[in-house]
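Got your viewer open? Let's take a walk, one selection at a time.

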Protein chains: 2
Amino acid sequence: MEATAKHFRKRDAILTCLRSTKVHPSADWIYEKLKAEYSDISLATVYRNLARFKERGEIVSLGTVNGIERFDGNTKPHVHFICTDCSGVLDLHGVAVPEELSKTVSGAGQVSSCQLTFTGKCNQCINKEETA
Amino acid sequence: MEATAKHFRKRDAILTCLRSTKVHPSADWIYEKLKAEYSDISLATVYRNLARFKERGEIVSLGTVNGIERFDGNTKPHVHFICTDCSGVLDLHGVAVPEELSKTVSGAGQVSSCQLTFTGKCNQCINKEETA
DNA sequence: CTCCTAAATGCGAATGATTATCATTTACAA
DNA sequence: TTGTAAATGATAATCATTCGCATTTAGGAG
């Protein structure tokens, strides 16, 4: 009797994969990554489990970047930077949504979450362009 | 010689439609709305012109809600509330992204825009549920 | 006025991410 | 063993969005 039942190997692998990367990946990115270890994994399984994790609040969706949904295994609220050039997503540590803000919103309804995202060109893409 | 050339009537109508509603509509919503006045308008024209406006910075995209892209004719930065029940989008006046925040982000790259969105259940949906 | 070109449009097909379907496999307990 | 419910793989279906192309339009040059 294993701690990790074979039945959930892939499910666990999906969550672990998402949690151990900083790229804020898409479903397909996770799928491609896991194919190395699980050659028979199905893309549908990745989508299904991501939806399940999301429902349960175990992961978070960042919304779509270029029409593709991106996920984050870190559910602690934090700020993101999305690069319009490379579609990369970065965590912005040291930036936080002011606590007061969230409280001011009560006029509209019950707030369950909040997302602050900056968009622009990341340093890596800026450098790449200068070099070119 | 008319001020509004016939050639651009539909284009103008799309922009006007978007600017004169508070619902932060989808392309299809605008299409359905404009069909009343322009029975022969094509959904592709709505998409094409929205893309054009977006490129030129004349409108703004809020990203997707339930897989459908939503637009805002108000390009002045402001905060949104998205209802998970009815998929409605509200402007949150009186809430603003602190100026300092945007400046702190320079470590990641050149910021061109920023978006703050609260998610939850709007008052209307809360009331609806209580009544039911 | 006529001819020409570039832009705008309508229509319908194509695309592509996501979801649904369904048969099969798995875990686990009676 | 056997039954049941969940998980999965493969693939078809869905549906918002985009593309291709023929047609229409505006507006200028001749």
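Before the first stop, a bit of vocabulary: helices (H or I, at least four residues) and strands (E, at least two) are DSSP runs, numbered from the N terminus. This is a predicted model, where local features need pLDDT of at least 70, side-chain atom pairs count only at pLDDT 80 or more, and totals for chains, interfaces and linings use all residues. Residues are numbered from 1 along each chain as its sequence is written, chains are lettered from A and ligands numbered from 1 in the order in which they are written, and side-chain values use heavy atoms, with hydrogens and water left out.

**Stop 1: DNA strand C**

Select DNA strand C and show what is near it (a residue is near if one of its heavy atoms lies within 4 Å). You should find 20 residues around DNA strand C, the closest being A:Tyr47, B:His7, B:Lys10, B:Arg11 and B:Thr45. Which parts of the DNA strand C atoms within 4 Å of the protein do you see? Sugar or phosphate accounts for 72% of them, and bases for the rest.

Now colour by element. From chain A, helix H3 (43–55) and strand S2 (68–72) each supply at least two residues of this surface, and so do helix H1 (9–19) and helix H3 (43–55) of chain B. H3(B) gives the largest share, five residues.

Zoom in on the phosphates and look for polar contacts (pairs of N or O atoms within 3.5 Å; within protein, one must be able to donate a hydrogen and the other to accept it, and residues adjacent in sequence count only if both atoms are side-chain atoms). A polar side-chain atom of B:Thr45 sits 2.4 Å from a phosphate oxygen of DNA strand C, and one of B:Arg11 sits 2.5 Å from a phosphate oxygen. B:Asp40 uses a backbone N or O atom instead, at 2.8 Å from a phosphate oxygen.

**Stop 2: helix H3 of chain B**

Select H3(B) by itself. Which of its residues are buried (under 20% relative accessible area, against over 50% for exposed and in between for partly exposed; 1.4 Å probe, protein chains only)? They are B:Thr45, B:Val46, B:Asn49, B:Leu50 and B:Phe53. Look down the axis of H3(B): the buried residues fall within an arc of 130 degrees (taken from the directions from the helix axis to the C-beta atoms), so they line one face. An α-helix has 3.6 residues a turn, so residues three or four places apart point the same way.

Spin the helix round, and the face turned away from the buried side of H3(B) shows the exposed residues B:Arg48 and B:Glu55. The buried residues pack against H1, helix H2 (27–35) and strand S2 (68–72) of chain B (contact means heavy atoms within 4.5 Å).

Check the ends too. B:Ser42 caps the N-terminal end of H3(B), with a side-chain oxygen 3.1 Å from the backbone nitrogen of B:Ala44. After H3(B) comes B:Gly57, with a positive phi near 75 degrees.

**Stop 3: DNA strand D**

Next, select DNA strand D. It has 21 residues around it, and A:His7, A:Lys10, A:Arg11, A:Thr45 and B:Tyr47 are the closest. Zoom in on A:Thr45: an N or O atom in its side chain is 2.4 Å from a phosphate oxygen of DNA strand D. For A:Arg11, a side-chain N or O atom is 2.6 Å from a phosphate oxygen. H3(A) gives the most to this surface, with five residues.

**Last stop: A:Ser26**

Finally, pick A:Ser26, in the loop between H1 and helix H2 (27–35) of chain A. Buried or exposed? A:Ser26 counts as buried, because its relative accessibility is 13%.
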